[in-house]
Amino acid sequence: MGKLKGKIAFITGGAAGNGRGIAESFLRQGAEVILADISDTVFTTADELGENVFAYQLDITKPHDVNNCVADAAAKLGRIDILVNNAGIARFSKFIDIEDKLRDLQFDVNIKGTWNCTKAILPHMINNKYGRIINMSSVTGPYAADPGEVAYATTKAAIIGFTKALAIETAQHNITVNAICPGYILTSMVRHSAGESNPVNPQAVIDAIAAGIPMKRLGTPGNIGDLAAFLASGEADYITGTDIIIDGGNGIPETNSMGLR
Ligand SMILES: NC(=O)c1ccc[n+]([C@@H]2O[C@H](COP(=O)([O-])OP(=O)(O)OC[C@H]3O[C@@H](n4cnc5c(N)ncnc54)[C@H](O)[C@@H]3O)[C@@H](O)[C@H]2O)c1
């Protein structure tokens with residue numbers, strides 16, 4: 001235990017879901033955490049998580065606000081060692097139907113939000129000759145896709161390119177940059193999609209997803225948190241520019257689910 005002792009982590013989208021799971025794992029490992037989220041529930045989450053947690057209500061699509069928030073957090077805590085670009089949104093619609101506005105919303109949060117936070121925090125890491133950057137991608141985009149996911153998949157594939165290209169520029173400064181590619185993780189994002197597919201019985205959708213996963217369950221935010229804690233720790237200090245799938249084996253089957261296995 002304590003593999004992040006003394007480290008200071010900035011986690012976007014930290015109010016709920018995977019971001020909260022990451023915060024909980026980091027706290028267990030001894031880090032201090034800064035939660036930044038567009039939702040004012042970030043303050044309740046911070047209260048619930050207890051000591052060593054600092055909260056900011058922040059829209060990561062606004063570079064000016066991101067810069068102010070990072071400057072304030074770095075001044076208060078002295079430095080930022082770890083950045084987890086976790087905040088993201090998914091809005092599904094077939095390519096033929098999707099409006100530019102819905103595309104831009106996802107590009108703005110998932111790609112530009114990650115860009116803005118990294119741009120603001122990287123100079124601090126370079127100054128300190130230390131940094132761990134963890135970007136939340138997905139299996140959707142780099143590895144798989146279902147109908148309706150073109151815009152979301154595009155953003156998550158972009159995160160892989162961002163991760164590799166940034167890793168090569170920052171390795172000389174003792175900074176690692178890696179991405180996490182989750183499959184189905186039980187958060188409000190998945191619950192919301194399940195509700196759209198079956199408004200009467202969203203749980204039936206979740207149960208059907210679980211039945212198709214080799215490990216027979218969706219992942220938890222805690223699973224994502226533990227992987228992020230590993231990537232942020234000294235145990236991973238020679239890992240950079242890569243991405244790790246965490247999906248309970250969902251991407252493995254060679255055959256489809258039409259009775260062939
Ligand atoms: N849940 C899954 O199955 C799954 C799978 C693959 C990838 N992911 C990725 O994990 C990340 C977290 O997703 P989640 O499932 O926890 O979703 P979630 O909706 O539960 O949490 C996302 C958080 O991001 C915040 N957020 C949204 N827009 C923001 C903005 N502009 N500025 C700051 N904060 C903002 C939300 O308020 C929320 O607290 C996302 O990047 C998502 O794409 C999730």
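**Notes on the ligand shell, helix 7 and two buried loop residues**

1. Let me start with helix 7, whose buried residues pack against helix 6 (188-197). Please keep in mind throughout that this is a predicted model. Helix 7 covers residues 202-212, and its buried residues are V205, I206, I209 and A210. Looking down the axis of helix 7, you will find these buried residues within an arc of 135 degrees, so they line one face of the helix. As general background, an α-helix has 3.6 residues a turn, so residues three or four places apart point the same way.

2. Just past helix 7 there is a loop residue worth a look. L218 sits in the loop that runs between helix 7 and helix 8 (221-232). Is L218 buried or exposed? With a relative accessible area of 9%, L218 counts as buried, because the cut-off for that term is under 20%. Setting aside neighbours within four places in sequence, L218 is in contact with I206, I209 and A210, among others; those three also belong to the buried residues of helix 7. The contact list of L218 further includes Y184, I185, L186, V190 and I213. For a sense of distance, L218 and S197 are separated by 21 residues in sequence and by 17 Å in space, C-alpha to C-alpha.

3. Now to the ligand. Which of the 29 residues around the ligand come nearest? They are N18, D37, N86, Y152 and T187. Three of these names return with polar atoms beside ligand oxygen. In the side chain of T187, an N or O atom is 2.5 Å from an oxygen atom of the ligand. For Y152, a polar side-chain atom lies 2.6 Å from a ligand oxygen. With N86 the partner is a polar backbone atom, 2.7 Å from an oxygen atom of the ligand. The ligand taken alone exposes 830 Å², and the protein buries 91% of that.

4. On the make-up of the shell: helix 1 (17-28), helix 5 (150-170) and helix 6 are the elements that give two or more residues to it. Helix 6 gives the most, with three residues. By type, the shell around the ligand divides into 15 nonpolar, 11 polar and three charged residues.

5. One more loop position to check is S93, placed between strand 4 (82-85) and helix 4 (100-128). S93 is buried, at a relative accessible area of 17%. Apart from neighbours within four places in sequence, S93 is in contact with I98, L102 and G148.

Conventions
Residues are numbered from 1 along each chain as its sequence is written. This is a predicted model: local features need pLDDT of at least 70, side-chain atom pairs count only at pLDDT 80 or more; totals for chains, interfaces and linings use all residues. Side-chain values use heavy atoms; hydrogens and water are left out. Buried means under 20% relative accessible area, exposed over 50%, partly exposed in between (1.4 Å probe, protein chains only). Helices (H or I, at least four residues) and strands (E, at least two) are DSSP runs, numbered from the N terminus. The arc is that of the directions from the helix axis to the C-beta atoms. Contact means heavy atoms within 4.5 Å. A residue is near a molecule or strand if one of its heavy atoms lies within 4 Å of it. A polar contact is a pair of N or O atoms within 3.5 Å; within protein, one must be able to donate a hydrogen and the other to accept it, and residues adjacent in sequence count only if both atoms are side-chain atoms. Accessible areas come from the Shrake-Rupley method with a 1.4 Å probe; for residues, only the protein chains shown count as cover. Ala, Val, Leu, Ile, Met, Phe, Trp, Tyr, Cys and Pro count as nonpolar, Asp, Glu, Lys and Arg as charged, and the others, Gly among them, as polar.
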